[in-house]
Amino acid sequence: MSIFHTPELRAFRAEVRAFLQQHLSDDLVHATRAGLHLEREPMARWQAALHARGWGAPHWPKALGGTGWNELQRYIFEEESAFADAPLGDVHGLFLAGPMVIAEGTAEQQARYLPPVLAGQEFWCQGFSEPNAGSDLASLKTTARLDGDDWVINGQKTWLSSGHHADLMFCLARTDLDVKPQAGLTQFIVDMRAPGISLHPIMTIDEGHSVNAVFFDNVRTPRHNVIGALNQGWTYAKELLARERVNNAQAPRTKRDILELDRIARTRCDAAGRPLIDDPRVRRRLAAITADFVALESAALGVLAEQMAGVEPGPAASTLKIRGSELQQRVSETAMLLLGQASVVLAAGYGGGLHAPDGLGWAERHFFRRVVTIYAGANEIQKTIIAKSILDM
Ligand SMILES: Cc1cc2nc3c(=O)[nH]c(=O)nc-3n(C[C@H](O)[C@H](O)[C@H](O)COP(=O)(O)OP(=O)(O)OC[C@H]3O[C@@H](n4cnc5c(N)ncnc54)[C@H](O)[C@@H]3O)c2cc1C
């Protein structure tokens with residue numbers, strides 16, 4: 001029997017489903033289905049609706065706006081949200097900046113920065129990577145120098161996801177040049193509208209705009225905008241990246257995609273008029289994906305259980321990231337194979353309507369998902385972490 005099939009969890013699932021049916025408007029569903037890179041407005045609107053229900057950040061401590069759910073409730077909530085095509089909120093605020101401010105921030109920072117994330121009023125972006133500091137993040141060159149009551153930041157960051165939607169950035173900058181690279185880094189909160197910041201769009205292979213380059217020219221941020229202790233930014237970055245990797249496994253959204261593959265295989269036919277699912281090669285492929293998904297889901301639930309009990313994710317985050325990202329790529333590749341030419345229904349040209357064509361958005365997802373094995377730390381780097389931390393090699 002599934003661990004989800006208890007009377008309490010069935011009732012909880014029904015409650016979540018009823019909420020989604022009542023509050024998730026058609027235009028939000030369309031935006032999620034068609035749009036690979038959502039605009040800020042639908043994300044903010046849905047986050048506000050969740051917040052009004054008290055479900056704005058289920059994974060945060062209850063005293064700071066969390067729900068107090070266990071991991072199974074959280075998973076059911078995420079699964080039902082994925083099945084209903086509810087938009088994801090501001091991932092950077094909810095899963096990265098928020099937890100870092102909760103773990104390391106002052107009471108003043110928590111009071112100032114957490115409520116607007118919960119309510120969908122303020123969005124964040126992540127300023128870590130630089131043109132010559134990706135995998136080797138500790139070699140980053142952006143500096144911060146104290147001048148009176150302000151830190152003055154100079155340098156360049158790249159690949160800023162959602163930077164153009166963001167009000168705030170958590171930014172890793174060098175504050176001590178005379179120590180080993182990892183020891184001289186500090187986490188700052190930076191206002192994206194501060195003078196001296198310039199943002200430039202980077203277009204990606206799916207022809208979408210979700211990432212940006214940003215330049216800092218004497219950007220000032222107040223002294224109290226340091227997160228945690230000075231020169232401890234590397235430690236906080238490693239913890240944040242582990243949380244990001246857990247989140248990137250995206251098991252519930254992948255489950256929704258796998259169910260869609262199954263539907264496509266059952267309803268579409270080959271040139272001879274036979275349902276695709278009758279082809280043993282299709283069945284074998286879907287079975288292999290499903291088996292790997294079940295393994296990912298049970299591993300993800302184990303890590304979620306620890307997280308909900310307040311334990312920070314360790315190197316297991318790297319295993320989830322590798323398996324989750326590889327599966328996302330296999331799923332969209334399979335969609336392209338099943339759909340053939342029909343996969344090229346570009347979301348940009350889609351006018352809306354509840355009965356979306358089968359192929360909607362798959363081509364963009366397939367191309368953009370080249371990145372899932374790269375961002376949040378390339379999978380090769382995750383393998384090195386596993387070799388060192390888990391296998392003791
Ligand atoms: C679409 C997109 C969105 C992103 N969003 C953000 C964001 O919001 N904020 C942010 O800070 N960053 C972001 N990133 C940056 C991302 O984290 C980096 O791209 C990633 O860490 C890899 O760094 P790099 O691009 O410099 O590649 P490199 O580090 O140059 O790596 C290139 C290749 O070499 C391999 N390699 C490098 N070093 C080693 C090694 N020691 N052992 C084995 N193989 C190695 C890598 O695995 C990779 O395949 C984003 C990137 C993309 C593409």
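Good morning. I begin with a contact between two parts of this protein: 15 residues of domain 1 are in contact with 19 residues of domain 3. On the domain 1 side, the elements that give two or more residues to this contact are helix 2, residues 26–34, and helix 4. Helix 4 supplies the largest share, 7 residues. By class, the domain 1 side divides into 5 nonpolar, 4 polar and 6 charged residues.

Please keep in mind throughout that this is a predicted model. The domain assignment gives domain 1 as residues 7–89, domain 2 as 124–233 and domain 3 as 249–389. The centres of domain 1 and domain 3, taken over C-alpha atoms, are separated by 20 Å.

Let us turn to the ligand. Which residues come nearest to the ligand? Among the 18 residues around it, they are Phe128, Gly134, Ser135, Trp159 and Ala378. Strand 3, residues 150–161, and helix 12, residues 379–389, are the elements that give two or more residues to this shell. The shell consists of 9 nonpolar, 8 polar and 1 charged residues. Domain 2 and domain 3 each contribute at least three residues to the shell.

Next, I consider the strands, starting with strand 4, residues 168–174. Is strand 4 mostly covered or mostly open? It is mostly covered, with 7 of its 7 residues buried. In a regular strand, side chains alternate between the two faces of the sheet. In strand 4, Leu168, Phe170, Leu172 and Arg174 point one way, while Met169, Cys171 and Ala173 point the other way, and all are buried.

Strand 4 has a pairing with strand 1, residues 124–127: the two run parallel and are joined by 4 bridges. Within this pairing, Gln126 has Phe170 as its bridge partner in strand 4. Strand 4 also pairs with strand 5, residues 185–191, here in the antiparallel sense and over 7 bridges. In that pairing, Leu168 stands opposite Asp191.

Strand 3, which we met at the ligand, pairs with strand 7, residues 209–222, in the antiparallel sense over 9 bridges. Ser161 stands opposite Val211 of strand 7. Strand 7 pairs with strand 6 too, residues 197–203, in the antiparallel sense over 7 bridges. The bridge partner of His200 in strand 7 is Ala213. Strand 6 and strand 7 form a hairpin with 5 residues between them, and Glu207 in the turn has a positive phi of about 65 degrees.

I now come to two helices. Helix 7 covers residues 233–248, and a simple check of its length is possible. At 1.5 Å a residue, its 16 residues should span 22 Å, and the end C-alpha atoms are indeed 22 Å apart, so the two values agree. The expected span uses one less than the number of residues, so the 1.5 Å is not multiplied by the full count.

Helix 7 is mostly covered, since 12 of its 16 residues are buried. The buried residues include Gly233, Tyr236, Leu240, Arg243, Glu244 and Asn248. Against what do the buried residues of helix 7 pack? They pack against helix 5, residues 91–104, strand 4, strand 5, strand 8, residues 226–227, helix 9 and helix 10. Just after helix 7, Gln250 takes a positive phi of about 50 degrees.

Helix 8, residues 251–267, can be checked in the same manner. Its 17 residues should span 24 Å at 1.5 Å a residue, and the end C-alpha atoms are 24 Å apart, which agrees. Ala251, Pro252, Thr254, Lys255, Asp257, Leu261, Ile264 and Ala265 are the buried residues of helix 8. These pack against helix 4, residues 71–83, helix 9, residues 280–308, and helix 10, residues 316–339.

I finish with a single residue, Leu276, found in the loop between helix 8 and helix 9. Why does Leu276 count as buried? The cut-off is 20 or more other C-beta atoms within 10 Å. Leu276 has 20 such atoms within 10 Å, and therefore it is buried. Leaving aside neighbours within four places in sequence, Leu276 is in contact with Ala265, Arg268, Cys269, Asp270, Val282 and Leu338. One of these, Ala265, is among the buried residues of helix 8. By C-alpha position, Leu276 and Met100 are 47 Å apart in space, and 176 residues apart in sequence.

Definitions and conventions: Residues are numbered from 1 along each chain as its sequence is written. This is a predicted model: local features need pLDDT of at least 70, side-chain atom pairs count only at pLDDT 80 or more; totals for chains, interfaces and linings use all residues. A residue is near a molecule or strand if its C-beta atom, placed from the backbone, lies within 6 Å of it. Ala, Val, Leu, Ile, Met, Phe, Trp, Tyr, Cys and Pro count as nonpolar, Asp, Glu, Lys and Arg as charged, and the others, Gly among them, as polar. Domain bounds come from an automatic or database domain assignment. Two residues are in contact if their C-beta atoms, placed from the backbone, lie within 7 Å. Two strands pair if DSSP finds at least two bridges between them.
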